Amino acid sequence: MPTLSDLVARHTALDEADLDWLHSLVSDWQLLADLSFADLILWAPLLGESGWIAIAQMRPTTGPTVYHDDIVGTVAAKGERNLIDTAWNERRICREGDPDWSTGVPVREETIPVRRAVEGGEGRFLAVIQRSTNLSSARTPSRLELTYLQSASDLAQMVAEGRFPFSGEEPILVRSPRVGDGLLRLDRAGRVTYASPNALSAYRRLGLHADLVGAELGRVTATLCYSDEPINEDLMIVASGRAAKETEVESGGTIVQLRAIPLIVGGGRIGALVLIRDVTELRRRERELMTKDATIREIHHRVKNNLQTVAALLRLQARRLQVPEGREALEEAVRRVGSIAIVHETLSHAPEEFVDFDEIADRVIAMAGEVSSPEVAVTPRRAGAFGVLPSLIATPLAMALTELLQNALQHGRPKRLQVVVESAHERLNVTVWDDGRGLPSGFDLDSSTSLGLQIVRTLVEGELSGRLTIEPRLEGGTEVVLSIPLPPS
Ligand SMILES: Nc1ncnc2c1ncn2[C@@H]1O[C@H](COP(=O)(O)OP(=O)(O)OP(=O)(O)O)[C@@H](O)[C@H]1O
Ligand SMILES: [Mg+2]
């Protein structure tokens, strides 16, 4: 389906600023549809003003729709839709006397010209909103419906006067409260003239015992949410309905989102609508997730610290040993513990189920290069990317890598040492090759009893369900290949 921008660019003479205004209108016109209990269609004049094209459509969440099909993209010739033509030509809201039955249900049509405010000018007319109310379920309107309809007609007037949507309002990231979440209507002085049942419940949960209707909302809200914390400046502005703004208030464990829509008609402020939504559950779940994340991060951080302590103890002991083999063995243990610590450190920054393994691999590779004996002047390199891997794979893979790099540096004494990564068909193939002295004659992985390769084998075949091969390279040196399956992403 073509977007609003596509349709405007292709079929109309509207410019960038016009388009911004229309985007802003349709991002907020659910409010108008809900208050009107009506469908809205936005018609823009075609190039050369030969007719109209529907560029956006909105259904009410408070009542039945008229249009079950998509209207966007439909074209109407001049003269075909009188009400649209009149609203445009005479720059005023038009209303039809009798219901239209052409869709099979009684529909009341209204049209609202859309004006964009222009500083220091009269503004520019951009389009026409067609508002269609399905009357088939209409009954004697309640107080709620009357308030909604009155508010809708005020908003419609604001659209025609270039006062709605509010320009310069910050984009709303969380979903704003909707009409059905709770609605209050305030008079000019900021006193409540109507409170929908949901809005009243939200205030009851905030701790209000008195009546809401007749009360000054700003003062009531401030009293309820009184705390030692610095005063929320937005609170008074929003709760008194003086500016188009949103804020959140909290009291007695309840968190309520407030959105003020000042009603400015015919040049004067006549009052405001305040939409209200109880977001206690939403915020509670958010906080829970945040603390869970923080806890997991903290655990990884502590594990890393503990491992570093273990490594430090081993290093101390190694220094005191006179026997070279004993010392080497302890130093190797230090490296093994160190590479696990690296993984936990990475996880302590990103406690997600997935980690960027390239970062881990590079640190493991750098560490192997640093601690290798000074006679071996080689910097191990990585080619290819591991990418993002499940955390479960990270620890065993980092350890295996440490062992293999260690072996190459220790036994091969190569000039070049590389880690090559390829992933294909949900498998990760990691090759560690060197151009060193090569494997001793008669080497056999299966009958090797030393610890290093045993560890690698256990990790690769056991924990990673993969395969391990170690072979001499044709050009000299050794090549070790790990092939491990990855869970389908
Ligand atoms: N890249 C390599 N180049 C040459 N020989 C190697 C290479 N990798 C392994 N080897 C040979 O395989 C043997 C077994 O390696 P393994 O890592 O299991 O034990 P290690 O390195 O001798 O001792 P450690 O248990 O401390 O690792 C090594 O002793 C070495 O002879
Ligand atoms: Mg080894």
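This report walks through salt bridges, the surroundings of ligand 1 and the contacts of one glutamate in a predicted model.

**Salt bridges**

Let's begin with the charged pairs. The model holds 25 salt bridges, and three of them are set out here.

| Acidic residue | Basic residue | Closest N to O distance |
|---|---|---|
| Glu298 | Arg302 | 2.8 Å |
| Glu332 | Arg336 | 2.9 Å |
| Asp446 | Arg457 | 3.0 Å |

Where do Glu298 and Arg302 lie? Both belong to helix H9, which covers residues 280-320. The two are four residues apart, about one turn of the helix. Their surroundings can be read from the accessible areas. Glu298 has a relative accessibility of 34%, so this residue counts as partly exposed. Arg302 is exposed, because its relative accessible area of 52% is over the 50% cut-off.

Glu332 and Arg336 sit in helix H10 (residues 324-349), and they too are spaced by four residues, about one turn of the helix. Are Glu332 and Arg336 buried or exposed? Both of them are buried, with the term standing for a relative accessible area under 20%.

The side chains of Arg457 and Asp446 also meet in a salt bridge, with 3.0 Å from N to O. This pair links distant parts of the chain, 11 residues apart: Arg457 is in helix H13 (residues 451-463), while Asp446 is in the loop between strand E16 (427-434) and H13. Arg457 has a relative accessible area of 24% and is therefore partly exposed. For Asp446 the relative accessibility is 58%, so Asp446 counts as exposed.

Salt bridges can also join up. Asp18, Arg116 and Arg124 form a network linked by such bridges.

**Around ligand 1**

Next comes the ligand. How many residues surround ligand 1? There are 17, and the closest are Glu332, Asn407, His411, Ser450 and Leu453. Glu332 will be familiar as the salt-bridge partner of Arg336.

Several polar atoms of the protein approach the ligand. A polar side-chain atom of Ser450 is 2.6 Å from an oxygen atom of ligand 1. Leu451 takes part through its backbone, with an N or O atom 3.3 Å from an oxygen atom of the ligand. On the side of Thr478, an N or O atom of the side chain lies 3.3 Å from a nitrogen atom of ligand 1. On its own, ligand 1 has 590 Å² of accessible area, and the protein covers 83% of this.

Which elements build the shell? H10, helix H12 (391-412) and H13 each supply at least two of its residues. The most comes from H12, with five residues. By character, the shell around ligand 1 divides into six nonpolar, eight polar and three charged residues.

**Glu246 and its partners**

Finally, a look at a glutamate in a strand. Glu246 is found in strand E9, residues 245-251. With a relative accessible area of 21%, Glu246 is partly exposed, because the buried class requires a value under 20%.

Which side chains does Glu246 meet in polar contacts? One contact, of 2.5 Å, joins the side chains of Glu246 and Ser176. Another, of 3.3 Å, joins the side chains of Glu246 and Gln257. As for Arg139, this residue is 107 residues from Glu246 in sequence, and their C-alpha atoms are 34 Å apart in space.

Technical notes: Residues are numbered from 1 along each chain as its sequence is written. Chains are lettered from A and ligands numbered from 1 in the order in which they are written. This is a predicted model: local features need pLDDT of at least 70, side-chain atom pairs count only at pLDDT 80 or more; totals for chains, interfaces and linings use all residues. Side-chain values use heavy atoms; hydrogens and water are left out. A salt bridge is a side-chain nitrogen of Lys or Arg within 4 Å of a carboxyl oxygen of Asp or Glu. Buried means under 20% relative accessible area, exposed over 50%, partly exposed in between (1.4 Å probe, protein chains only). A residue is near a molecule or strand if one of its heavy atoms lies within 4 Å of it. A polar contact is a pair of N or O atoms within 3.5 Å; within protein, one must be able to donate a hydrogen and the other to accept it, and residues adjacent in sequence count only if both atoms are side-chain atoms. Accessible areas come from the Shrake-Rupley method with a 1.4 Å probe; for residues, only the protein chains shown count as cover. Ala, Val, Leu, Ile, Met, Phe, Trp, Tyr, Cys and Pro count as nonpolar, Asp, Glu, Lys and Arg as charged, and the others, Gly among them, as polar.
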